[in-house]
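Me: I have a structure open and want to learn how to read it. Can we go through it feature by feature?

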Amino acid sequence: MFRNKRILSFLLAFMFVLSVVVPGASFADEENIKITILGTTDIHGNIYNWSYEDGEEKEYLGFAKVYSVVKEVRAENPNTILIDNGDTIQGTILTDDLYNTDLSLKNPVMDVMNFMEYDAMAIGNHEFNFGLEMVDKIVEEANFPLLAANVKYKEDGSYLTEAYTIVEVAGVKVGIIGFTNPNIPKWDGPKVTSLDFEDFLTSAEEPMKELNEKADIIIASSHSAYTGGYEEAEGYVNDDAKVLLEKYPEIKALMVGHTHDTVEEEFEGAVVGGARDAGRQVVRFDLEISKDGDDYLVEDTKVQIIDVDEYPASEELKEYAKEYHENTLEFLVEILGTASADFVPEAEIKGIPEAQLRDTAVIDLINNVQLEATGADVAGAALFQQGSNLEAGELNYADIFDIYKYPNTLVGVEVTGAQLKEYMEWSANYYNQYKEGDVTLSFDPEIRGYNYDMFQGVDYKVDVSKPKGERIVDLKFKGEEIKDDQVLKLAVNNYRYGGLSGMGIITEEPYFESDPKSLRSYIADKIKEDGTIDPVVDNNWELIGADLDHPLRDYIIGEINAGNMELPKSEDGRTYNTAALNAPQMIADGKIPVEVLAEYDLSEEDVLPVEQETPEDAASPEEVKTPEAREKYIVKRGDTLWAIGKMFETTWQRLAEFNNLKNPDLIYPDQVIMID
């Protein structure tokens with residue numbers, strides 16, 4: 001028995017030594033460190049899960065929902081880092097119209113983020129809406145660093161905020177580098193004149209060198225698109241954050257935002273995540289890390305998108321932020337005035353706003369307020385939300401927010417007649433060109449609805465049968481045709497002014513700036529002053545060039561309104577009604593039942609032939625020959641292809657074809673245009 005005990009002891013000892021010298025895979029996994037990074041983006045001031053415009057709770061928004069996700073994940077893995085990707089302090093009545101207008105008040109968003117124990121935040125473009133004093137204020141109030149590696153003061157080259165931070169978790173030093181959108185000067189130009197905004201790769205060089213020396217692993221947060229952002233040819237700086245992963249493979253997780261899109265990607269061992277706006281989603285990165293001597297190696301990466309509507313709102317957070325919420329509700333009690341009737345008629349087709357198909361009282365109200373405040377001749381304004389309306393009855397500030405969701409200020413600037421028309425043509429690009437048989441009008445999927453302006457102070461028509469650049473016809477001011485060299489005063493918001501200046505369409509400095517007073521405040525003043533406002537429409541513009549009167553139109557519209565047919569949307573879902581419904585094509589595709597065709601006495605003869613490219617068309621001698629230019633033109637700031645074509649007595653289409661331009665809307669200074 002003694003001998004057996006000795007043998008047993010020997011075997012146990014041998015097995016122990018073997019397990020130490022040659023550990024199993026499962027043992028190694030237990031030794032690895034798991035770090036979780038949670039990311040939010042584009043919260044836009046939503047603290048409670050409450051819509052102040054609608055006056056009701058929502059299941060899909062707010063820090064209150066996000067915090068429930070955060071608490072659950074922290075309980076699961078204490079090694080959790082919480083970061084934000086920007087566009088956080090702006091976007092609700094609570095933020096924009098109460099607390100962001102008074103710098104003496106504690107910023108509620110920073111206060112709540114401190115409560116949630118954020119570790120870092122990249123600055124978004126909307127953080128600059130309220131000026132650099134506000135940026136300084138939130139930097140001071142936050143218990144975590146705000147990051148923008150690509151923003152420096154022009155005067156001395158110092159950073160506006162921090163370029164990066166290092167958070168130590170479970171002994172691992174996690175470096176977090178942040179970037180903001182480099183195109184902010186195009187949107188908030190007058191507010192950021194003291195700053196330089198660099199491209200990502202230029203600005204990343206020095207801080208990434210430092211992080212590689214100081215941090216064990218590196219993650220990045222960029223308030224921009226992952227891919228498909230702004231093009232340099234448009235006068236914008238490229239803001240595709242993917243270049244960071246291509247240049248720096250040591251970045252193992254990348255948080256993106258700005259576009260309000262869900263992103264769940266992998267790139268050569270790194271993970272990329274982006275969430276929808278308003279706190280609808282939280283991005284979760286999981287990194288599995290092993291230690292090799294003094295080095296830490298990222299063995300595995302995962303990304304997951306968490307929808308907050310599956311979680312309850314945190315009562316703990318709501319109690320903490322109760323004062324901010326109740327102050328906002330009290331603010332909305334005030335009745336500003338009364339609308340005698342609805343300002344937008346009911347849509348004929350669900351999903352296509354009437355306010356983008358014809359002149360309406362809601363756009364006329366905004367434009368008339370702009371004209372009165374600036375003393376301008378012409379004003380331009382967009383429909384920011386598809387369903388915006390002032391409904392009959394009492395009006396409070398939530399109603400104003402509904403028709404004008406951004407805290408834009410007003411700008412008055414002088415333009416020539418040629419510049420005004422170029423701006424109007426740019427706006428009219430929003431429409432897809434009409435084709436015979438279309439029963440609906442539709443919108444370019446690459447253009448957001450907030451970039452389609454409608455104008456007051458001039459009379460005009462938009463001919464949707466014509467190609468882009470040639471659609472504004474019968475443009476008149478006070479009954480007279482506008483001349484190219486005629487000088488007019490134009491009123492627009494500061495965002496539009498920045499964009500038009502960046503494109504070279506507007507070249508003059510403003511003669512009027514309302515900053516810090518917002519356009520919403522002017523609209524509120526107007527309603528208070530009048531007491532009762534009537535929906536007045538002068539019908540100064542109209543769409544022409546589209547014969548929508550097909551026999552099947554009523555049937556197709558009925559099917560759309562009944563929910564049996566869907567209008568196309570852009571791939572990202574942010575532009576609606578992106579293709580016209582064409583009756584002959586729908587017949588050809590078998591989308592119209594045979595019994596319906598019989599009811600309308602239609603047959604195959606009523607189907608337009610589908611145009612197909614023939615070999616001769618695809619490679620005609622004229623198209624494949626080497627172009628021989630009779631003249632070269634160097635593009636100047638403010639030029640458009642349409643204007644160049646007019647100058648040389650040709651068309652923009654011919655110039656685009658001759659120069660092999662993939663997008664004729666995109667030309668830039670110093671580009672060579674060949675004239676055939």
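## Reading the fold, step by step

Reply: Start with a helix and its neighbours. The buried residues of helix 17 pack against helix 18 (583-588) and helix 19 (594-599). Bear in mind that this is a predicted model.

Me: Which residues of helix 17 are buried?

Reply: Helix 17 covers residues 553-561, and its buried residues are Arg553, Tyr555, Ile556, Ile557, Glu559 and Ile560. Look just past the helix too. Gly563 takes a positive phi there, about 85°.

Me: How much of the chain is buried?

Reply: The chain has 676 residues, and 53% of them count as buried. Its secondary structure comes to 23 helices and 30 strands.

Me: Now sheets. How do I read one?

Reply: Strands of a sheet pair through backbone hydrogen bonds, either parallel or antiparallel. Then read the strand order. One open sheet here has 6 strands in the order 6-5-4-1-15-16, with mixed pairing. Strand 6 (146-147) and strand 16 (295-307) have a single partner strand each, so one side of each lacks a neighbour in the sheet.

Me: In which sense do strand 5 and strand 6 pair?

Reply: Strand 5 (residues 120-122) pairs with strand 6 in the parallel sense, over 2 bridges. Find Ala122: it stands opposite Leu147 in strand 6.

Me: Which helix lies across strand 1?

Reply: Helix 3 (residues 63-76) does. It also lies across strand 4 (80-84), strand 15 (281-292) and strand 16, and runs at about 175° to strand 1.

Me: Let me try another sheet. What is the order of the one that starts with strand 8?

Reply: The order is 8-9-11-12-14-13, in an open sheet of 6 strands with mixed pairing. Strand 8 (164-169) and strand 13 (263-267) stand at the edges with a single partner strand each, so one side of each has no neighbour in the sheet. From one strand to the next, the twist averages 20°. Helix 8 (residues 200-214) packs on this sheet, touching strand 8, strand 9 (172-179), strand 11 and strand 12. The direction of helix 8 makes about 170° with that of strand 9.

Me: How many bridges join strand 11 to strand 12?

Reply: There are 5 bridges between strand 11 (residues 217-222) and strand 12 (residues 251-256), which run parallel. Ile218 stands opposite Ile251 in strand 12.

Me: What does antiparallel pairing look like here?

Reply: Go to strand 20 (residues 409-416), where 6 of the 8 residues are buried. Strand 20 pairs in the antiparallel sense with strand 26 (residues 512-518) over 3 bridges. It also pairs in the antiparallel sense with strand 25 (residues 487-493), over 7 bridges. Thr416 stands opposite Val487 in strand 25.

Me: And aromatic rings?

Reply: A pair of aromatic rings is described by the distance of the centres and the angle of the planes. The whole structure holds 20 aromatic pairs. Phe384 and Tyr404 form an edge-to-face pair, 4.7 Å centre to centre with 85° between the planes. They lie 20 residues apart.

Me: Is Tyr404 buried or exposed?

Reply: Tyr404 is buried, with a relative accessible area of 1%. Phe384 is buried as well, at 14%. Now compare a tilted pair: Tyr423 and Trp426, 6.3 Å centre to centre with 40° between the planes. Both lie in helix 14 (residues 417-428), about one turn apart.

Me: Which rings join them in a cluster?

Reply: Ring pairs link Tyr423 and Trp426 with Phe455, Tyr460 and Trp541.

Conventions:
Residues are numbered from 1 along each chain as its sequence is written. This is a predicted model: local features need pLDDT of at least 70, side-chain atom pairs count only at pLDDT 80 or more; totals for chains, interfaces and linings use all residues. Side-chain values use heavy atoms; hydrogens and water are left out. Two strands pair if DSSP finds at least two bridges between them. Helices (H or I, at least four residues) and strands (E, at least two) are DSSP runs, numbered from the N terminus. Contact means heavy atoms within 4.5 Å. Axes are lines fitted to C-alpha atoms, for helices over the stretch in contact, and angles run from 0 to 180 degrees between N-to-C directions. Buried means under 20% relative accessible area, exposed over 50%, partly exposed in between (1.4 Å probe, protein chains only). Rings of Phe, Tyr and Trp (its six-membered ring) pair if their centres lie within 6.5 Å; planes under 30 degrees apart count as stacked, over 60 as edge-to-face and the rest as tilted.
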